[in-house]
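Student: Please take one helix of this model and walk me through it closely, with the cut-offs behind each term. I would also like to see how one of its neighbours is tied to the rest.

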Amino acid sequence: MVLRAAEPVMEDGLVFARYLDEAAEGFFRLMLGRRVGEIVATAFTRPDNGYSYENVTFAERDGVIVGAVSGYTSERYRRFADRPLEEAAGGRAIRIRLVRRLCAPMWRILESLEDGDFYLQTIAVDQELRGEGVGSLLMDHVERLAAAGGAERLSLDVSARNAGARRLYGRRGMSVSSEWPASPLVPSVLVRMTKLLQATT
């Protein structure tokens, strides 16, 4: 098993788009429709945005991609351009704006990164290889990358109903720092999990 940086090519972008939508439990397909792969892959080939190849590492076995991870520091996130996904969507950009408006409270939670955070946007492994250590390899890589970049904390958002993922992150030393919505009267939809990082020298 080897890790490699993603390259700004459509082939890598289409693979990343599949992992991104899978990790988001179909949210990107809802937002972008049938062209989700092409739209995300186009944004992926461009620098300085949240879906860029610059933020993605692939795990490969025998030359075949079997998993992916993407993430970035809060400081880098604040410098990202917001247009590449809408530009790639063309006429479907109105659908992006509509979904963002309808999901505005959730979107604000996703964008609430604290200074010093490294945000784990996506981690996904091919189903047949889950439990084989690929996810741990990717998580180890992200933690090293985050600490080396000066991040103080690793953070991610996970569906409240995804008990398996929450257990996995818990075993990695992550704990729940907040839930959305933050109301005892409404079931949680998203859970923010965080972990303090050891600085590297």
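**A close look at helix α1**

Tutor: Helix α1 (residues 10-23) has 14 residues and spans 20 Å from its first C-alpha to its last, close to the 20 Å expected at 1.5 Å a residue, where the expected span is 1.5 Å times one less than the number of residues. Helices (H or I, at least four residues) and strands (E, at least two) are DSSP runs numbered from the N terminus. This is a predicted model, in which local features need pLDDT of at least 70 and side-chain atom pairs count only at pLDDT 80 or more, while totals for chains, interfaces and linings use all residues. Residues are numbered from 1 along each chain as its sequence is written, and side-chain values use heavy atoms, with hydrogens and water left out.

Among the buried residues of α1 are Val-15, Phe-16, Tyr-19 and Leu-20, buried meaning under 20% relative accessible area with a 1.4 Å probe and protein chains only. Their cover includes β1 (2-5), α2 (27-32), α3, β2, β3 (64-73) and β4 (117-125), judged by contact, that is, heavy atoms within 4.5 Å. Arg-18 lies over the face of Tyr-19, at 4.5 Å from the ring centre; the criterion is NZ of Lys or CZ of Arg within 6 Å of the centre and within 35 degrees of the ring normal. After α1 comes Glu-25, with a positive phi near 55°.

As for a neighbour, the whole structure holds eight aromatic pairs (centres of Phe, Tyr or six-membered Trp rings within 6.5 Å; planes under 30 degrees apart are stacked, over 60 edge-to-face, the rest tilted). One of them, Phe-28 with Tyr-51, is edge-to-face, at 5.8 Å centre to centre and 85° between the planes. Because Phe-28 lies in α2 and Tyr-51 in the loop between α3 and β2, this pair ties together parts 23 residues apart in sequence, and both residues are buried.

Terms used: Buried means under 20% relative accessible area, exposed over 50%, partly exposed in between (1.4 Å probe, protein chains only).
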